[in-house]
Amino acid sequence: MTNIAEAQLIALDWGTTSARAYLIGNGGSIVAERSSALGIMQVAAKAQSESLTLSRAFNNTLTELCGDWLASFESIPVIACGMVGSQQGWAEAAYRQVPANLADPEFELETVEIAPGRVMHIIPGVLDLKELPDVMRGEETQILGAIELSDLAPNSHDEQWFLLPGTHSKWVKVSGRTITEFSTSMTGETYALLSSQSILSKLIEPSDSVDWNAFERGVRVSQSPEGGADLMLTAFSARTLVLTGRLGKAEVADYLSGLMIAAEIRSVIGTSMTVSVPPLTICGNKELSARYTKALNVFGIDQVRELQGTAPRGIWAIACTQGLLQSASV
């Protein structure tokens with residue numbers, strides 16, 4: 001591991017509900033990292049409660065998160081990705097439109113002053129300006145990091161897919177290092193609402209482990225002629241199966257999860273068990289990635305790679321291509 005004294009970059013993955021900070025050394029190795037529930041929503045709440053400007057609240061939060069790094073390494077660049085660059089963030093970084101070359105040295109980084117004579121660079125998101133427009137912030141950097149960490153040839157133009165599960169899951173088509181199109185599914189947020197605030201939530205008995213049988217049952221129901229019509233016509237089965245004694249209350253959460261994740265997959269790739277899917281990489285936390293991998297396997301897609309923590313590698317790559325690290329190499 002690179003010695004902390006050799007740190008060359010302070011990188012932040014700053015999202016809606018959390019922030020992660022990384023101290024990165026030569027070659028993109030992480031020498032220290034921190035995380036906090038200080039996403040942009042919490043910063044905005046702090047600004048209101050403490051009668052601060054939003055800019056001051058963000059600066060205070062940055063200091064709270066990694067002020068000692070900023071003081072110890074006064075000359076190294078600071079760069080961030082994620083919702084910190086949104087309209088609700090510190091400063092809006094204008095979207096790049098697809099096709100978007102993630103490693104293009106010419107795209108502009110937004111900057112904010114974090115101390116006299118020192119700025120933080122913010123990576124812009126990506127916009128797919130189709131009939132129903134779509135946007136992402138932060139996921140594009142995770143994808144670049146995954147590509148850099150993969151064993152694909154640097155100049156490969158073969159199409160591949162990236163799946164970034166979460167509150168708003170992203171399905172992204174990439175050629176080489178260029179995003180060509182993508183779509184967003186609100187599966188995570190909808191599941192959270194149904195399992196905590198809907199009538200279905202009254203039946204759920206919490207469990208410390210995943211009931212994979214119940215999860216797979218939900219996936220297969222979503223694939224079936226009876227369950228494949230529309231999620232709005234199948235979600236209620238999480239209640240009626242319990243009422244008719246065919247589903248246990250401890251199974252409801254995982255059954256519903258399988259039903260919803262499968263509906264998302266079906267909307268992207270269809271129902272065929274023999275559909276040809278380009279190489280697929282999932283970038284997400286282990287639990288969510290495992291659920292999506294399991295569901296994809298049921299659909300007959302078993303060539304799936306899972307990667308975690310790809311954002312810092314993507315930030316490092318962008319810092320290099322943007323010339324922020326003149327002596328470093330990707």
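**Exercise 1. Locate Pro 99 and describe the peptide bond that joins Val 98 and Pro 99 in this predicted model.**

Solution. Pro 99 belongs to the loop between strand 5 and strand 6 (100-101). The peptide bond joining Val 98 and Pro 99 is cis, with omega at about -5°. As a general matter, most peptide bonds are trans.

**Exercise 2. Determine the strand order of the open sheet that contains strand 5, and identify the strands at the edges.**

Solution. Begin with the order: 3 strands form the open sheet, arranged 5-9-10, and the pairing is mixed. Strand 5 (96-97) and strand 10 (134-136) each have a single partner strand, so they stand at the edges with one side lacking a neighbour in the sheet. Next, consider strand 9 (residues 126-128): 3 bridges join it to strand 10, and the two run antiparallel. Within this pairing, Leu 127 has Val 135 of strand 10 as its bridge partner.

**Exercise 3. Classify the packing of helix 3 against helix 10 and give the make-up of the contact by class.**

Solution. The axes of helix 3 (residues 139-149) and helix 10 (residues 311-321) are 7 Å apart and meet at an angle of about 90°. Angles of 65 to 115 degrees count as roughly perpendicular, and the two helices are therefore assigned to that class. Residues in the contact include Leu 144 and Gly 145 from helix 3, and Gly 314 and Ile 318 from helix 10. By class, the contact has 6 nonpolar, 4 polar and 2 charged residues.

**Exercise 4. State where Ser 51 lies, and whether Ser 51 is buried or exposed.**

Solution. Ser 51 lies in the loop between helix 1 (40-49) and helix 2 (54-72). Its phi is near 55°, a positive value in a residue other than glycine. The relative accessible area of Ser 51 is 69%; exposed means over 50%, so Ser 51 is exposed.

Note on methods. Residues are numbered from 1 along each chain as its sequence is written. This is a predicted model: local features need pLDDT of at least 70, side-chain atom pairs count only at pLDDT 80 or more; totals for chains, interfaces and linings use all residues. Side-chain values use heavy atoms; hydrogens and water are left out. Two strands pair if DSSP finds at least two bridges between them. Helices (H or I, at least four residues) and strands (E, at least two) are DSSP runs, numbered from the N terminus. Axes are lines fitted to C-alpha atoms, for helices over the stretch in contact, and angles run from 0 to 180 degrees between N-to-C directions. Angles under 35 degrees count as roughly parallel, over 145 as roughly antiparallel, 65 to 115 as roughly perpendicular and the rest as oblique. Contact means heavy atoms within 4.5 Å. Ala, Val, Leu, Ile, Met, Phe, Trp, Tyr, Cys and Pro count as nonpolar, Asp, Glu, Lys and Arg as charged, and the others, Gly among them, as polar. Buried means under 20% relative accessible area, exposed over 50%, partly exposed in between (1.4 Å probe, protein chains only).
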